[in-house]
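Thanks for coming. I will put the structure on the screen and then go through its aromatic residues and its overall build.

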Amino acid sequence: MQNDHFEVMSKRLRIQHIVMITVFTLLMITGGLLLFNESPLSQFLIFSEFAFNLRGLIHRLSALLLIGLCAYHAFYVIFTKEGRQYFRDMLPGIKDFTDFFHYIKYSLGFSPERPRFDRFNYIQKFEYGAVMWGSLIMILTGFILWFENISLAIFPKWILDVATTVHGFESILAFLTIIIWHF
């Protein structure tokens with residue numbers, strides 16, 4: 001039996017992942033306190049104007065870290081050989097679709113063997129794309145909400161309302177995705 005070994009994440013990628021975990025957790029906690037402000041936990045944690053303002057400061061600083069991480073990752077993918085290879089390995093291909101159907105057959109007992117995945121399986125590739133897309137959506141809507149007065153000077157109010165809704169639902173979707181697929 002052949003034992004294939006892939007280094008899934010280099011040291012640089014592991015550091016990026018740890019930063020993303022930290023930033024994501026801070027954003028979820030500080031954003032969740034505002035999104036679910038009627039909950040007893042939110043009421044307990046945001047008991048004063050100071051605590052509320054501190055929550056906002058931590059959320060915005062975490063957002064800046066997310067923006068910096070996304071920029072670093074873009075430069076890493078564009079300007080390093082390792083990053084370009086990582087990105088190529090993350091692109092979905094025909095094998096991912098066949099692996100998906102093979103895995104369904106295996107899970108239902110119609111195939112005796114699990115599919116043999118490449119460095120990344122179709123779920124990891126989908127999640128990587130979702131993180132990229134989700135980060136872009138959260139950054140764009142976050143800027144609209146952060147700079148509310150400027151946004152209202154440029155856009156009609158319904159744009160701010162849409163940004164608020166999208167920002168909130170995207171955060172819930174991201175949280176559920178992490179809970180379901182990572183844990």
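Which residues form one aromatic cluster? They are Phe100, Phe101, Tyr103, Tyr106, Phe117 and Tyr122. Before going further, please note that this is a predicted model, and every value I quote is computed from it.

Let me set out the general build. The protein has eight helices and zero strands. Along the sequence the pattern therefore reads α-α-α-α-α-α-α-α, with helices and strands being DSSP runs numbered from the N terminus.

Next, the overall dimensions. The radius of gyration is 20 Å, whereas a compact globule of 183 residues would have one near 16 Å. Taken along the principal axes, the box filled by the C-alpha atoms is roughly 65 × 40 × 30 Å. Of the 183 residues, 28% are buried. About 13,000 Å² of the protein is exposed, and carbon and sulfur atoms supply 72% of that area. As for contacts with a separation of 6 or more, 62% of them come from residues 24 or more positions apart.

Back to the rings. How many aromatic pairs does the structure hold? The count is 12. One of them is the pair of Tyr86 and Phe120, which is edge-to-face, at 5.5 Å centre to centre and with 90° between the planes. This pair links distant parts of the chain, as the two residues are 34 apart. Tyr86 belongs to helix 4, residues 81-90. Phe120 sits in the loop between helix 5 (94-107) and helix 6 (122-146). Are these two residues buried or exposed? Both Tyr86 and Phe120 are buried.

A second pair to look at is Phe100 with Phe101. Their rings are also edge-to-face, with 5.1 Å between the centres and 75° between the planes. Both residues belong to the aromatic cluster I began with. Why does Phe100 count as partly exposed? Its relative accessible area is 34%, and partly exposed covers the range between 20% and 50%, so Phe100 falls in that class. Phe101 has a relative accessibility of 54%, which is over 50%, so Phe101 counts as exposed.

One last ring, this time with a charged partner. Which residue lies over the face of Phe52? That is Arg55, at 5.2 Å from the ring centre.

To recap, the protein has eight helices and zero strands, and the structure holds 12 aromatic pairs. The pair of Tyr86 and Phe120 links distant parts of the chain. That is all from me.

Notes
Residues numbered from 1 in each chain as written. Predicted model: local features only at pLDDT ≥ 70, side-chain atom pairs only at ≥ 80, totals over all residues. Heavy atoms only, no water. Phe/Tyr/Trp six-rings, centres within 6.5 Å; stacked < 30°, edge-to-face > 60°. Helix = DSSP H or I, 4+ residues; strand = E, 2+ residues; numbered from the N terminus. Buried < 20%, exposed > 50% of the residue type's maximum accessible area, 1.4 Å probe, protein only. Lys NZ or Arg CZ within 6 Å of the ring centre and 35° of its normal. Rg over C-alpha atoms; globule rule 2.2 N^0.38 Å. Contact = heavy atoms within 4.5 Å. Areas by Shrake-Rupley, 256 points an atom, 1.4 Å probe, with all protein chains shown as cover.
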